[in-house]
Amino acid sequence: MAKQRSVWLTLTLALALTATGCSSTKKDEVPDEPPEVLYQDAQARLQSANYIRAAELLEAMDSRYPFGAYSNQVQLDLIYAYYKQDDTARALANIDRFIRLNPNHPSVDYAQYMRGLTNMATDHNFFQELLNIDRTDRDPAYARQAFADFRQLLRQYPDSVYAADARARMISLKNRLAKYDLAVAKFYIKRGAWLAAANRAKFVVESYPDTDTLRPALELMVEAYNTLGLTEMANNAKAVLRANFAAS
């Protein structure tokens, strides 16, 4: 309890300091400078991790010079600035806008990659992770979308420089989705809905056979089928369990 109280105190203090900083800092206006000057300033802000100011400069450029030489790169940099601020809604809106307006641009693969990253970030919850709260049973809608985003990237741009990282992230996302479905199956067991539990566990086995959820899902199938009196189906699940985990 004392440790948790300490974490909450630290979090509360950090939020208070953030709120104080936000309220005491007036948003600076963007000066009327040539686009190259504004862009250099925005790049310097991005390099120094001042993403809020970088976004302000880039937004001004996007508004003042929508068809200028820096137009496409400004949009891509805005996506990154929003992503780094955890402003996922605006990041996704700008990603979709860029892909819609520039379907043949050389950096469309980057935009698609950032779409996956942004949806993946939306699935995370900073405060729950800070307090080490299990998120297994939380709706993985954004994780599913991120998985679909990365899969589309690999289908359309298999040779993209972002392909390898996308594959690695898909493995993490697949485990996240598998754990969620397993948690749902366990929830059904607690409710006495054995058939629903068996069906969801079967879905886990069929959809995520290369994850750590395979064994517990098979065990759950055996338990559910036995409870339902479906001996043959229970024996089949048990056979698959033994074939895959004979050593243990």
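This report covers the fold, the nonpolar cores and three loop residues of one chain.

The model is predicted: local features need pLDDT of at least 70, side-chain atom pairs count only at pLDDT 80 or more, and totals for chains, interfaces and linings use all residues. Residues are numbered from 1 along each chain as its sequence is written, and side-chain values use heavy atoms, with hydrogens and water left out.

**Fold**

The chain holds 12 helices and zero strands. Helices (H or I, at least four residues) and strands (E, at least two) are DSSP runs, numbered from the N terminus. The chain has 248 residues, and 37% of them count as buried. Buried means under 20% relative accessible area, exposed over 50%, and partly exposed in between (1.4 Å probe, protein chains only). The accessible surface comes to about 14,800 Å². Carbon and sulfur atoms hold 53% of that surface. Areas come from the Shrake-Rupley method with a 1.4 Å probe; for residues, only the protein chains shown count as cover. Take contacts (heavy atoms within 4.5 Å) between residues at least 6 apart in sequence: 56% join residues at least 24 apart.

**Cores**

A nonpolar core is a set of buried Ala, Val, Leu, Ile, Met, Phe, Trp, Tyr and Cys residues joined through side-chain atoms within 4.5 Å. The largest has 45 residues. M114, F150, L173, L220 and M221 touch the most other members. Helices that each supply at least two residues include α6 (108–123), α8 (141–156) and α11 (214–228). α9 gives the most, with nine residues. A second, separate core has 17 residues, among them A42, V74, L78 and A91.

L220 deserves its own note. Leaving out residues up to four places away in sequence, L220 touches L182, A185, K186, I189, A197, A198 and A201.

**Loop residues**

Most residues other than glycine have a negative phi. A49 has a positive phi of about 65 degrees. D86 also has a positive phi, near 65 degrees. D87 lies in the loop between α4 (71–84) and α5 (88–101), as does D86.

| Residue | Loop | Relative accessibility | Class |
|---|---|---|---|
| A49 | between α2 (35–47) and α3 (51–64) | 44% | partly exposed |
| D86 | between α4 and α5 | 60% | exposed |
| D87 | between α4 and α5 | 18% | buried |

The side chain of D87 makes a polar contact with the side chain of R90 at 2.6 Å. A polar contact is a pair of N or O atoms within 3.5 Å; within protein, one must be able to donate a hydrogen and the other to accept it, and residues adjacent in sequence count only if both atoms are side-chain atoms.
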